[in-house]
Amino acid sequence: MQIADALRLAIRHFNAGQASEGAALCDAILNVQPDNPVANCLLARARMRAGTAGEARRLVDRAKRAAPDYPPALELDARLLDEFEEADREVVADAYRRALAVSPATSALWFAYGNLRQGAFGDAAGSIVPYARALAARPGEIPVAMNLATARLKLDQAEAALALCEETLASRPTHIRALALKTTALFDLGRPKPADALTGFGTLTRPMMLPVPQGYDSLEAFNADFAEAIRTHPRRRDDYDPNKRAIRGGSIVTDLLNHDHPAIRVFHAALDAAIAAYGDALPALPGHPHIDGRPGGYALDVWGNILRAEGHQDGHIHNLGWLSGVYYVEMPEVLREDDAAHEGWIEFNHPGYGIPDRGTATVHRVCPTPGMIVLFPSYVWHRTVPFEGAGERISVAFDLHPR
Ligand SMILES: O=C(O)CCC(=O)C(=O)O
Ligand SMILES: [Fe+2]
């Protein structure tokens with residue numbers, strides 16, 4: 001087989017998801033032509049996908065030496081520096097600029113460069129043009145539109161942010177991030193009424209009490225067992241990635257229900273009952289994205305949070321859910337209904353992810369008590385207020401993933 005034919009076949013394999021066949025062909029080509037830039041880059045991309053970045057780096061460097069302006073080599077070089085090698089942000093920025101000079105119509109490169117400006121550089125203004133170029137190359141690309149809307153909100157350009165949200169919602173009316181950013185844009189623009197209608201405090205966002213789980217006389221007795229189950233859970237850990245979790249200080253328990261403990265078993269049924277009661281009480285609001293987005297079935301993702309003094313949750317939303325909620329298991333002494341500082345409370349409508357709170361949002365707060373469950377659409381921003389003093393604040397949060 002000619003080299004050119006072998007490369008075509010390798011590309012066909014990769015495109016069909018047959019990575020090992022594609023890689024075997026690239027290996028064979030590189031045995032004959034070790035510097036072949038196409039084979040080196042194809043294989044490097046496969047290695048990067050598989051997470052073996054060191055191997056990818058060796059292949060990319062070889063491609064770059066053989067063909068310094070070969071666009072895929074420059075693109076892979078930038079992505080390796082950015083995503084795997086923890087390179088200095090200036091080095092990464094240079095690499096993206098070099099890659100963009102030879103591939104000025106590659107949406108993914110502009111998107112990645114915009115994310116570098118907004119993220120590592122904290123330069124929202126510098127991310128606008130890259131995101132706009134990304135959208136020009138791929139109109140309507142939702143992740144780009146959402147990151148651009150986020151940058152617009154940081155720059156106090158709520159009108160432009162709102163337009164981006166509406167554009168996304170036109171094709172995806174229940175898109176969680178678009179609804180969250182839209183809420184903030186509306187508050188920023190001094191239009192609290194439609195924003196409040198999205199949050200629906202008292203109807204869509206509301207506290208209720210958990211029905212007493214089977215086999216227990218009271219929520220108090222249940223919470224004592226449940227707290228013990230959470231504290232001793234085999235997946236309790238402190239070493240979570242702060243880029244992936246909103247919790248600051250404290251421990252988490254992932255996949256909480258997946259552990260054989262009597263309190264966990266009965267909690268699941270009580271939670272399902274509470275969710276069903278929430279659904280039964282939902283108002284008829286035709287055209288409302290939370291109501292229209294109600295799924296026929298759902299899967300539960302449940303995790304635990306153990307916070308100590310000064311621990312808290314930054315403002316966030318739950319991108320994968322339809323409905324989210326928090327059940328309160330054990331609260332420190334300091335939490336009180338009459339606390340003007342709201343220590344340890346949950347607060348709604350303060351945005352997160354670096355989006356400023358311009359003081360125009362309708363902030364709702366709930367003082368959690370053990371046995372309480374607070375439910376809210378997954379697009380409603382929420383955070384917790386840090387608290388001082390002794391004791392642990394144990395909550396169990398969950399998402400309903402549409403199915
Ligand atoms: O503990 C709380 O009040 C909030 C928890 C939360 O928002 C979460 O775990 O996602
Ligand atoms: Fe949350």
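**Salt bridges, burial and a mixed sheet-and-helix packing**

Mentor: In this predicted model, aspartate 77 forms a salt bridge with arginine 57, and their closest N and O atoms are 2.7 Å apart.

Trainee: Why is the contact between aspartate 77 and arginine 57 called a salt bridge?

Mentor: The term requires a side-chain nitrogen of Lys or Arg within 4 Å of a carboxyl oxygen of Asp or Glu; the closest N and O atoms of this pair are 2.7 Å apart, so the pair qualifies. Aspartate 77 lies in helix H5 (residues 71–83) and arginine 57 in helix H4 (residues 53–66), so the bridge ties together parts that are 20 residues apart in sequence. Both aspartate 77 and arginine 57 are buried, and the two also belong to a network of salt bridges that links Arg57, Asp61, Lys64, Asp77 and Glu85.

Trainee: What makes glutamate 392 buried or exposed?

Mentor: Buried means under 20% relative accessible area, and glutamate 392 has 16%, so it is classed as buried. Its partner arginine 231, met in a salt bridge at 2.8 Å from N to O, links distant parts of the chain, with arginine 231 in helix H13 and glutamate 392 in the loop between strand S11 (382–384) and S12, 161 residues apart.

Trainee: Why is arginine 231 called partly exposed?

Mentor: The class lies between the 20% limit for buried and the 50% limit for exposed, and arginine 231 has a relative accessible area of 30%, so it is partly exposed. Arginine 308, with 32%, is partly exposed as well, and it forms a salt bridge with glutamate 392, the closest N and O atoms being 3.1 Å apart.

Trainee: How do you know that strand S4 and strand S5 pair?

Mentor: Pairing calls for at least two bridges between two strands; strand S4 (residues 251–253) and strand S5 (residues 298–307) have 3 bridges in the antiparallel sense, so they pair. Within this arrangement, isoleucine 252 stands opposite asparagine 305 in S5.

Trainee: What makes strand S1 and strand S2 the edge strands?

Mentor: The open sheet of 7 strands has the order S1-S10-S7-S12-S5-S4-S2, with antiparallel pairing, and strand S1 (206–209) and strand S2 (236–237) each pair on one side only. Helix H13 (residues 219–231) packs on the sheet, and its direction makes about 100° with that of strand S7 (323–330).

Trainee: How do you know that helix H8 spans what is expected of its 14 residues?

Mentor: At 1.5 Å a residue 20 Å is expected, and helix H8 (residues 124–137) reaches 20 Å from its first C-alpha to its last, which is close to that value.

Methods: Residues are numbered from 1 along each chain as its sequence is written. Chains are lettered from A and ligands numbered from 1 in the order in which they are written. This is a predicted model: local features need pLDDT of at least 70, side-chain atom pairs count only at pLDDT 80 or more; totals for chains, interfaces and linings use all residues. Side-chain values use heavy atoms; hydrogens and water are left out. Helices (H or I, at least four residues) and strands (E, at least two) are DSSP runs, numbered from the N terminus. The expected span of a helix is 1.5 Å times one less than its number of residues. Contact means heavy atoms within 4.5 Å. Axes are lines fitted to C-alpha atoms, for helices over the stretch in contact, and angles run from 0 to 180 degrees between N-to-C directions. Buried means under 20% relative accessible area, exposed over 50%, partly exposed in between (1.4 Å probe, protein chains only).
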